[in-house]
Amino acid sequence: MKVNKILCAGTALILAGALGGCSVKVGTNKSPDLIVAEPSSGDFGEDLKITFGDFNREYEYTLKGAEIEDDTDESYADACKSQRESIINYLINERIILKKAREMGVISLTEEEMKAAEEEYNSQIEEQIEYFGGKADYGTRDAATITDEEKRERGIKEFDDYLEDCGMTRDDLLTWSVNSAITNKLKDEVGKSVDYSAAEESYREYEDRIKQLYTDNVAEYEQGNFTQVWVPEGSRMIKHILLGFDDDTLIGIETKRSSGDDAGADNLRAEKAAELQPKVDEVQQKLDSGEDIKTLIMEYSNDAASSSMYPDGYVLVPDGVIFMEEFQKAAFEMAKIGDRTVCVTDYGVHIMIYADDAKVDPDNVKAFTDYLYEQMVKTEFSKKMEEWRAEYDYRIDYEALRLDTPDESSGSKS
């Protein structure tokens, strides 16, 4: 259910596809004052009614942005019908939200909230001015001769013309931004009924499921990146520098493994690992002298790109299976944090450091719990919106909006 709107990335994409100056032909023309949606129950005022003009302004804005000049064209008529349904439902929700926000005392924005809404609005307006200025037709002029000032002036005109063609002004767009902020305030107000402890409990339950997954299927646990939620006792952070084999060696080892010649593969990699010993000694000496392992990873490691994504090291868990067997075993042979060892795998020679004990970052726990809480608030707000929709029981003029009535299509909702 769409319950808010703001001039944001989605709107920007619609605008970015616009054809400035094209006219829009819709399959019907109704009086702008025709009421197309209004409550059928309860005590309500004019502010809850929706006119065809209210609807059509936003509909034409969408059509023009999508470069649709005739919404009856069979190639996208169904998509246009879906859009009409979305718009009328959005407008109904918006009327209800503003009504309830007024009743609950959250209709007014603070100076800080208004400033944030205006900044978002201004930022998106500038993006559109830049877009329209860049796509404008400058005739035969060389693009290199068009100044930034000229592009901006042209962008302002083209953008405002675009809005005018839709029967809109920039004030309408600012209203979208303000109404979005009000929606968020109302959602937060409704969300006060949700206790944060419920999200914390939900996190603990999720953590328990992850623990069970580790017990039942350690590979799935490792591949699912669940170490950000929970890690078993004894898990380690391992940094390594991979002195990799050349491509011919890698292919040779893989070929022998595939043919069942594991002994031959082991002999080949042992031979090639011995050839890398001088470089291993060189790196070890630099580590002994105190050089930063991050610097040495970038200088020597064939795994530098991947290692850079894990600056604290790779998480290895007891009985893990996703790393090479030799690498997994070596990681847990080191006695204490700071110890170093070397192992050989089919990829090359690994100089490994036991960097730290693995543990879940408290910031990650907080961020995930916050996310769970936000989802609970959204769910509570959705439930409340359903109650409010039922309370007002909007009557919709499906014929005027060229929509299927609920009896004609089970997918349509009043």
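In this predicted model, D288 is an exposed residue, with a relative accessible area of 58%. The side chain of D288 meets that of R340 in a salt bridge, at 2.4 Å from N to O, and the two residues belong to distant parts of the chain, D288 lying in helix α11 (residues 277–288) and R340 in strand β5, 52 residues apart. R340, at 32% relative accessibility, counts as partly exposed, because a residue between the limits of 20% and 50% falls into that class.

The strand that carries R340 also stands out in the confidence of the prediction. Among the elements of the chain, strand β5 (residues 340–345) has the highest mean pLDDT, 98, whereas helix α1 (residues 9–16) has the lowest, 35. Over residues 1–23 the pLDDT is below 50, although in the model this stretch has 69 contacts beyond near neighbours in sequence. For the chain as a whole, the mean pLDDT is 90, and 91% of the residues reach 70 or more.

The bridge between D288 and R340 is one of 33 salt bridges that the structure holds. Side chains of opposite charge can pair when their charged atoms come close. Another such pair is formed by D47 and R102, whose side chains meet at 4.0 Å, N to O; this bridge, too, links distant parts of the chain, with D47 in the loop between β1 (35–39) and β2 (50–51) and R102 in helix α3 (residues 77–103), 55 residues apart. D47 counts as partly exposed at 38% relative accessibility, and R102 is likewise partly exposed, with a relative accessible area of 48%. D356 and K359 form a further salt bridge, in which the closest N and O atoms are 3.2 Å apart; here D356 is partly exposed at 30% relative accessibility, while K359 is exposed, with a relative accessible area of 58%. Beyond these individual pairs, salt bridges link R257, D262, D266, R269, E326 and D346 in a network.

From the charged pairs we turn to the aromatic ones, of which the structure holds 17. A pair of aromatic rings is described by the distance of the centres and the angle of the planes. The rings of Y61 and W176 have centres 5.1 Å apart and planes at 90°, so this pair is edge-to-face. Y61 lies in helix α2 (residues 52–65) and W176 in helix α6 (residues 170–191), so that the pair links distant parts of the chain, 115 residues apart. Y61 is buried, with a relative accessible area of 3%, and W176 is buried as well, with a relative accessible area of 6%.

The rings of F132 and Y162 are arranged in another way, with their centres 5.6 Å apart and their planes at 45°, so the pair is tilted. This pair again links distant parts of the chain, with F132 in helix α4 (residues 111–135) and Y162 in helix α5 (residues 148–165), 30 residues apart. Both F132 and Y162 are buried. These residues also belong to a wider arrangement, in which ring pairs link Y61, Y131, F132, F159, Y162 and W176 into a cluster. An aromatic ring takes part in a contact with a charge at Y138, where the charged end of R154 sits over the ring, 5.3 Å from its centre.

Helix α2, which contributes Y61 to the aromatic cluster, is mostly covered, since 13 of its 14 residues are buried. At 1.5 Å a residue, the 14 residues of α2 should span 20 Å, and the end C-alpha atoms of the helix are indeed 20 Å apart, which agrees. The helix is followed by E67, whose phi is positive, near 65°.

Backbone geometry of this kind deserves a remark. Most residues other than glycine have a negative phi. E67, with its positive phi in a residue other than glycine, lies in the loop between α2 and α3 and is partly exposed, with a relative accessible area of 40%. D319 likewise has a positive phi, near 65°, in a residue other than glycine; this residue is found in the loop between β4 (314–316) and α14 (325–331), and at 64% relative accessibility D319 counts as exposed.

Note on methods
Residues numbered from 1 in each chain as written. Predicted model: local features only at pLDDT ≥ 70, side-chain atom pairs only at ≥ 80, totals over all residues. Heavy atoms only, no water. pLDDT = per-residue confidence, 0-100. Helix = DSSP H or I, 4+ residues; strand = E, 2+ residues; numbered from the N terminus. Contact = heavy atoms within 4.5 Å. Phe/Tyr/Trp six-rings, centres within 6.5 Å; stacked < 30°, edge-to-face > 60°. Buried < 20%, exposed > 50% of the residue type's maximum accessible area, 1.4 Å probe, protein only. Lys NZ or Arg CZ within 6 Å of the ring centre and 35° of its normal. Expected span 1.5 Å × (residues − 1).
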